[in-house]
Amino acid sequence: MEYKKNDLLTVTIEDMGHDGEGIGKVDGYTVFVKDTVIGDKVQAKIMKAKKNYGYARLVEIMEPSKDRVEPRCAYARQCGGCQIQALSYEKQLAYKQQKIENNLIRIGGFQKEEIPMQPIIGMEDPYHYRNKAQFPVGCDKEGHLIAGFYAGRTHSIISNRKCYLGVEVNEQILNLVLAHMEAYDIPAYDETTGKGLVRHVLIRYGFQSKEIMVCLVVNGSRIPGAEDLIAKLREIPGMTSISLNINREKTNVILGRKGKVLWGQEYITDTIGPIAYQISPQSFYQVNPVQTQKLYEKALEYAGLEGNETVWDLYCGIGTISLFLAQKAKQVYGVEIVPAAIEDAKRNATLNHITNAEFFVGKAEEVLPEKYEKEGIYADVIVVDPPRKGCEESVLATMVKMQPKRIVYVSCDSATLARDLKYLRGEGYEVKKVQGVDQFPHTVHVETVVLLSKDYALEHSGLKVSNLYISQIKRKCGIGGGKNYNLPKSEDSRQPQCPLEKEKAIREAFKYFGIS
Ligand code: SAH
């Protein structure tokens, strides 16, 4: 059966896609219906029809799924922030667990039985978890000031000062800022004309420190009646930093480059586990600190550190994972492309009196090969936490050459994770554990931590290690064989020299068999 635009159909939702959209089938024709959940029986209208599938709009829920819940937020459907608030939290977790597993099967080429999935780590209370909010400010049709969130895939603002994912004090701060704008006749910025002053209100909150930061992003360099506004904001317990961020560009990018402190410090401080971090308006910082701690603890557990290890943390951001690892490792090296993040990482290391972490600015795909080829650097454990597009293949190739005992892969996109695991598995790394962590309840996003390891000692034939190489390394280690044992005829002989990665494997094997 084929359908066309504007056709009405009744469909039962059987699955959910990667963006949380419901998926159902009618006579072999697949329909994607946003705002539905598995188990719903709905009436939907085809908006875009292809030969075998189409996208439809929800018209009416005829029989709600038993897993459907009333979203707490009245704007859950329009708002671009949440996608699956209408699904019970328990089922959200099941959906995310399934999403990881499906990608590993479909993209990674794993068999279901081979995937060592651990039960996903969810939140006890999956609300008010975000420590950062950026509210766009604008006007409604009547010209009243509003603040809220962008509707899905658009830049029209839904007026909503009470988001259930953010902290409760956000609403109080927005009320103060908007009342101030009204009192001083301060216009909101208008994206289409490029006129007006206040673009966004950025609020950050330290879950542990209880420190609050308010930063107004303005299309100008000052705010009328600043003293008055400061006086009111300062009354809020925990207020630590009030600043302006200057952004005069006609752009979607929220923050401009320059900041100006109006009152207090430029930054707030917060802790994750035992490590303290200084966070300025510009800093990248994980938005769900409760789950981040669980995620990093897993990464640390998987790294299996005993105190003598050299660890590389690729895509290290402000060094959050690096500093966590540094507690248990001999030495940690972090690599990150954004120079400002590396400055934060270094400052955070100093702040925590951590001296065994060193940071490099650059692309992982350039820094790592360079350090490896030229300086022969070494790693017992490599941790990666790449952006959504995953690791460049050249990074994976260098990692494999470096032959770490363990690789810990932290991922925010299980599709690219699956692709990269397929590569690493092809190079002899075994996937030992796959752990989902729900950092973003009510959205479709899920974080995954994976432990991979390789047992070199049992890999000899696979590595094609020749006897010549073994004897070379034996000599280096001063192990047995007598004087003439496999000795090359002259020391400057043209015999090939054992490459570094094979030397490492052989040394590993010696250790394994207790002959070193
Ligand atoms: N591990 C950090 C941040 C991970 S986010 C934390 O937990 O806080 C991914 C990071 O990778 C970002 O900071 C981004 O700037 C950085 N990045 C993106 N492409 C990169 C590349 N090619 N090489 C190194 N870092 C990169």
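This is a short tour of a predicted model, with suggestions for what to select at each stop.

**Stop 1: the ligand and its neighbours**

Start by selecting the ligand and displaying the residues around it. You should find 17 residues in this shell, and the closest are Tyr-296, Thr-320, Glu-336, Ala-364 and Asp-385. Try colouring the shell by residue class: 9 of its members are nonpolar, 4 are polar and 4 are charged.

**Stop 2: polar contacts**

Next, show Gln-286, Ala-364 and Glu-365 as sticks. In Gln-286, a side-chain N or O atom lies 2.9 Å from an oxygen atom of the ligand. At Ala-364 the partner is a backbone N or O atom, 2.9 Å from a ligand nitrogen atom. Glu-365 uses its side chain, where an N or O atom is 3.1 Å from a nitrogen atom of the ligand. Now switch on a surface: on its own the ligand would expose 570 Å², and the protein buries 87% of that.

**Stop 3: the pocket and its surroundings**

Zoom out a little. The ligand takes up the space of the second largest pocket. Which elements give two or more residues to the shell around the ligand? Select 320-326 for helix H5 and 364-375 for helix H7, and you have them. Then go back to Gln-286 and trace the backbone either way; this residue sits in the loop that runs between strand E15 (275-279) and helix H4 (289-303).

**Stop 4: the annotated binding site**

Now select Gln-286, Tyr-315, Glu-336 and Asp-385 together. An unreviewed UniProt entry gives these positions the feature "binding site". In this model, Gln-286, Tyr-315, Glu-336 and Asp-385 are part of the lining of the second largest pocket. You have met some of them already: Glu-336 and Asp-385 are among the closest residues to the ligand, and the Gln-286 side chain makes one of the contacts from Stop 2.

**Stop 5: the TRAM domain**

Finish by selecting residues 2-60, which the unreviewed UniProt entry lists as "domain: TRAM". Switch to a cartoon view here: the span is 61% strand and 0% helix. To close the tour, pick the C-alpha atoms at the two ends of residues 2-60, which lie 22 Å apart.

Note on methods: Residues numbered from 1 in each chain as written. Predicted model: local features only at pLDDT ≥ 70, side-chain atom pairs only at ≥ 80, totals over all residues. Heavy atoms only, no water. Near = heavy atom within 4 Å. Polar contact = N/O pair within 3.5 Å; in protein donor to acceptor, adjacent residues only side chain to side chain. Areas by Shrake-Rupley, 256 points an atom, 1.4 Å probe, with all protein chains shown as cover. 1 Å grid on protein atoms, 1.4 Å probe; cavity = no way out; pocket = protein on both sides within 12 Å on 5 of 7 lines; lining within 4 Å. Sits in = over half its atoms within 2 Å of the grid points. Helix = DSSP H or I, 4+ residues; strand = E, 2+ residues; numbered from the N terminus. Nonpolar A, V, L, I, M, F, W, Y, C, P; charged D, E, K, R; others polar. UniProt positions renumbered as here; feature names shortened; annotations may be inferred.
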